[in-house]
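Dear colleague,

I am handing over the structure below, together with an account of what turned up when I went through it. Please read the notes alongside the coordinates and come back to me with any questions.

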Amino acid sequence: MIAFLITILFLVAIVYVLTRIIALLNIDMQNGFTPGGELGVKEGDVIIPIINRLTFWFIHIFRALVVFSRDWHPRVSKHFKEFGGNWSTHCVINTHSAEFHKDLLVPKNANILSKGLYEDDQAYSAFDKNARINGMDLATYLRKKGIKILFVTGLATDWCVKETVLDARKNGFWVFVITSAMRPVNLKPGDEERAIKEMKAAGAIII
Ligand SMILES: [Zn+2]
C-alpha cells in the first residue's frame with residue numbers, strides 16, 4: 001500500500017514538473033491567413049478545433065503556458081508587394097485581417113506575441129529579434145518562465161511555423177511539431193514535405 005502511494009506521489013510530481021516546463025505556441029491563427037483572408041491558407045480553419053482542444057488542455061488541465069503569435073504589420077511594409085515585397089497586404093495593425101479567427105479560443109489575458117512590427121521587418125519567425133511579448137523577445141520570455149519544451153501549431157507549416165521551429169531549436173528548446181494542427185501554403189508543390197524534413201533535421205520531433 002505504501003509503495004503504491006509513493007508511486008502515485010512520484011507520478012504526480014513528475015507530471016507537475018513537466019507541466020511547468022512546457023508551452024503551447026499557436027502561430028498566426030488570424031483572419032489574413034485563414035480561408036477568405038488575403039493570404040488564406042487552404043483548410044487553415046479546419047485545424048481550429050484541434051488547436052482549441054490543445055489550448056484548453058494546456059490552460060485548464062496542465063495549467064501550462066499558451067502563447068499566441070500574430071503578424072502585426074504597419075500599413076507600409078517592405079514585406080508587402082506594393083512596397084517591393086512578396087506578399088499581398090495582410091494583417092495590418094488594427095484591421096480585420098490582423099484579428100484572430102473568430103472561432104479560435106483566445107482566453108482573456110492571453111499571452112500574445114506580435115511580430116513584423118516595423119517597415120523593413122519580414123518576421124516569419126516568432127523568435128524574430130524585433131517580435132515582442134510583454135516587452136521581450138520570445139526566447140527571453142520563455143526562459144524567464146522556465147520553459148524548456150514547446151508544442152507548435154498554426155499557419156503556415158512551410159513559412160512561419162517552419163521558421164519558428166528552426167529558431168526554437170537554435171535557441172535550445174525541445175520542440176514537438178503537431179502536424180495535424182497546421183497547414184501549408186505550398187507555393188511550390190512539395191514545400192510542406194521539405195519544411196517537415198528541415199524541421200526534423202534540426203532536431204524537432206514531428207508528431
Ligand atoms: Zn506577414
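**Sheet and crossovers**

Val177 stands opposite Ile206 in S6, and another pairing into that strand puts Phe176 across from its bridge partner Ile205. Please keep in mind throughout that this is a predicted model. The strands S5 and S6 pair in the parallel sense, over 2 bridges, and they are also the two strands of a right-handed β-α-β unit that is made by S5, H5 and S6.

These strands belong to an open sheet of 6 strands with parallel pairing, in which the order is S3-S2-S1-S4-S5-S6. Its edges are formed by strand S3 (111-115) and strand S6 (205-206), each of which pairs on one side only. Further in, S4 and S5 run parallel and are joined by 6 bridges, with Leu155 standing opposite Arg183 in S5. From S4 the chain passes through H4 to reach S5, and this β-α-β crossover is right-handed. As for the packing of helices on the sheet, H2 lies across S1, S2, S4 and S5, and runs at about 150 degrees to S1.

**The nonpolar core**

In soluble globular proteins, nonpolar side chains tend to be buried together. Here the largest nonpolar core has 48 residues, and those with the most contacts inside it are Ala23, Leu25, Val152, Leu155, Val161 and Val165. Among the elements that give two or more residues to this core are strand S1 (22-27), helix H2 (48-61), strand S4 (149-155) and helix H5 (191-201), while the largest share, 6 residues, comes from H4. Leaving out residues up to four places away in sequence, Val161 touches Ile27, Val152, Gly154, Leu155, Ala156 and Met182.

Met199, whose place is in helix H5, may be worth viewing as well. Is Met199 buried or exposed? Met199 is buried, because 25 other C-beta atoms lie within 10 Å, where 20 or more are needed for a residue to count as buried. Apart from neighbours within four places in sequence, the contacts of Met199 are Lys162, Val165, Leu166, Val177, Ala204 and Ile206. The C-alpha atoms of Met199 and Leu166 are separated by 6.1 Å, although the two residues are 33 residues apart along the chain.

Helix H1 (residues 2-21) presents another picture, since the count of buried residues among its 20 residues is 0 and the helix is hardly covered. From its first C-alpha to its last, H1 reaches 29 Å, which is close to the 28 Å expected at 1.5 Å a residue.

**Backbone points to check**

Most residues other than glycine have a negative phi, and most peptide bonds are trans. Against that background, three places deserve a look before you set up any calculation.

- The peptide bond from Leu155 to Ala156 is cis, with omega near -15 degrees, and Ala156 lies in the loop between S4 and H4.
- Cys91, in the loop between S2 and S3, has a positive phi of about 50 degrees although it is not a glycine; Cys91 is buried, because 27 other C-beta atoms lie within 10 Å.
- Asn134, in the loop between S3 and H3, also has a positive phi, near 50 degrees, but Asn134 counts as exposed, because it has 10 C-beta neighbours inside 10 Å, and a residue is exposed at 12 or fewer.

With best regards

How values were computed:
Residues numbered from 1 in each chain as written. Predicted model: local features only at pLDDT ≥ 70, side-chain atom pairs only at ≥ 80, totals over all residues. Core = buried A, V, L, I, M, F, W, Y, C linked by C-beta atoms within 7 Å. Helix = DSSP H or I, 4+ residues; strand = E, 2+ residues; numbered from the N terminus. Contact = placed C-beta atoms within 7 Å. Expected span 1.5 Å × (residues − 1). Pairing = 2+ DSSP bridges. Axes fitted to C-alpha atoms, helices over the stretch in contact; angles between N-to-C directions. Right-handed = clockwise from strand over helix to strand, strands pointing away.
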